[in-house]
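Work through the following exercises with the sequence and the model open. Each one gives a task and then a stepwise solution.

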Amino acid sequence: MVVPELASRAHQQKIIPVVEEALRQANITKNELQAIAFTRGPGLIGALLVGVSFAKAMALGLNIPLVDVNHMQGHVLAHFIRKPGEDKDMPALPFLCLTVSGGHTQIVRINSPLQMEILGETNDDAAGEAFDKSAKILGLPYPGGPLIDKYAAQGNPDRFKFPNPYAEGLNFSFSGLKTAILYFIRDNVKNDPSFIENNLNDICASIQKTIVDILMKKIRLAIEQTGIKDIAIAGGVSANSGLRNGIKSLEKEGCRVFIPAFEFCTDNAAMIAMAGYFKFLEGDFASQDVTPLARMHF
Ligand code: KG4
Ligand code: ZN
């Protein structure tokens with residue numbers, strides 16, 4: 001679990017060393033910067049406040065524009081990051097992006113870098129939460145998503161069946177799944193106290209398959225409804241190997257698929273810089289009285 005109070009203290013402690021290290025690795029000085037982009041939200045308010053205040057001070061000190069970025073927009077726009085010398089395909093507009101993180105699960109239609117529409121989203125838990133809460137039930141530490149992925153690689157995904165909760169249209173629902181897993185584990189552990197350790201790989205593979213199937217069903221429906229064939233995934237859960245394979249399989253159905261490099265799946269500053277760059281080109285700047293938002297829409 002992330003403890004908000006501790007997270008904001010850690011941000012406070014680390015922000016200056018992190019920015020110095022980023023400048024060092026990029027081999028530039030702060031006087032070469034043309035603008036400061038920062039995450040305005042959504043997220044934990046205490047952590048956001050540290051970033052917003054730091055960005056304001058830095059932009060004021062350097063006398064350069066300040067650019068506010070929506071975190072989820074950053075995840076989507078990570079697809080436009082090109083490393084120096086890299087020549088990769090980018091999604092054509094409009095494209096669909098399944099954004100799956102610890103706080104969000106959305107199907108987004110991207111009409112242009114700064115014009116996005118949410119076609120569907122979760123009614124309750126996010127996909128990352130479904131992974132993390134399932135892992136917690138299994139006694140695994142936070143964040144459990146990568147651990148479920150790791151154990152699932154050795155397991156049989158068809159060994160156990162979990163429900164695929166109903167959600168209307170392109171929306172999602174995961175909370176019923178969490179409850180089903182909780183009861184399933186409780187009942188089996190009652191009969192066999194070593195049930196989890198003896199079956200961990202198969203349990204993880206079966207949970208992962210259920211979550212990935214829920215996501216794939218809705219992305220297929222979105223493709224059918226919109227006719228859009230350029231499909232991307234973004235956010236922490238796009239690091240999941242089951243989801244990466246599922247999305248990749250859409251190529252056989254005539255789609256072009258875009259899967260971010262691992263380092264651009266989970267939260268990172270490059271995606272915020274990329275989104276900031278698009279806004280910078282439009283002259284879309286924030287003022288010094290901008291405030292962070294725990295909840296924020298596109
Ligand atoms: O985007 P992100 O880094 O932070 C948020 O904005 O929430 O996403 C974090 C989420 C966590 O729930 C974590 O368990 C999940 O992404 N995650 C994974 C994997 N790697 C990260 N879930 C499943 N499989 C993975 N390999
Ligand atoms: Zn994120």
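**Exercise 1. Find how far apart the C-alpha centres of domain 1 and domain 2 lie in this predicted model.**

Step 1. Take the bounds from the domain assignment: domain 1 covers 4–76 + 266–281, and domain 2 covers 91–261.

Step 2. Compute the C-alpha centre of each domain; the centres of domain 1 and domain 2 are 29 Å apart.

**Exercise 2. Describe the contact between domain 1 and domain 2 by residue count and by buried area.**

Step 1. Count the residues in contact: domain 1 contributes 8 and domain 2 contributes 13.

Step 2. Compute the area buried between the two domains, which comes to about 940 Å². Carbon and sulfur atoms give 81% of that area.

Step 3. Look for the main contributors on the side of domain 1. Met72, Gln73 and Val76 supply 56% of the area that domain 1 buries against domain 2, more than any other three residues.

**Exercise 3. Determine how many salt bridges and polar contacts link domain 1 and domain 2, and which helices of domain 1 face domain 2.**

Step 1. Search for salt bridges between the domains: the count is 0.

Step 2. Search for residue pairs in polar contact, with both residues at pLDDT 80 or more; this count is also 0.

Step 3. Assign the side of domain 1 that touches domain 2 to helices. Helix H3 (71–77) and helix H9 (269–281) each supply at least two of its residues. H3 gives the largest share, 4 residues.

Step 4. Sort that side of domain 1 by class: 4 residues are nonpolar, 3 are polar and 1 is charged.

**Exercise 4. List the closest residues around ligand 1 and the distances from its oxygen atoms to backbone atoms of glycines 102, 128 and 236.**

Step 1. Collect the surrounding residues. There are 19, and the closest are Gly102, Asp132, Asp149, Asn240 and Asp267.

Step 2. Take the backbone of glycine 102: one of its N or O atoms lies 2.8 Å from an oxygen atom of ligand 1.

Step 3. Repeat for the other two glycines. A polar backbone atom of glycine 236 is 3.0 Å from a ligand 1 oxygen, and for glycine 128 the distance is 3.3 Å.

**Exercise 5. Count the salt bridges in the whole structure and place the one between arginine 24 and glutamate 21.**

Step 1. Search the whole structure; the result is 17 salt bridges.

Step 2. Check the pair: the closest N and O atoms of arginine 24 and glutamate 21 are 2.8 Å apart, under the 4 Å cut-off for a salt bridge.

Step 3. Locate the partners. Both lie in helix H1 (residues 4–26), 3 residues apart, about one turn of the helix.

Note on methods:
Residues are numbered from 1 along each chain as its sequence is written. Chains are lettered from A and ligands numbered from 1 in the order in which they are written. This is a predicted model: local features need pLDDT of at least 70, side-chain atom pairs count only at pLDDT 80 or more; totals for chains, interfaces and linings use all residues. Side-chain values use heavy atoms; hydrogens and water are left out. Domain bounds come from an automatic or database domain assignment. Contact means heavy atoms within 4.5 Å. Buried area is the accessible area (1.4 Å probe) that two parts lose on being put together, summed over both. A salt bridge is a side-chain nitrogen of Lys or Arg within 4 Å of a carboxyl oxygen of Asp or Glu. A polar contact is a pair of N or O atoms within 3.5 Å; within protein, one must be able to donate a hydrogen and the other to accept it, and residues adjacent in sequence count only if both atoms are side-chain atoms. Ala, Val, Leu, Ile, Met, Phe, Trp, Tyr, Cys and Pro count as nonpolar, Asp, Glu, Lys and Arg as charged, and the others, Gly among them, as polar. A residue is near a molecule or strand if one of its heavy atoms lies within 4 Å of it.
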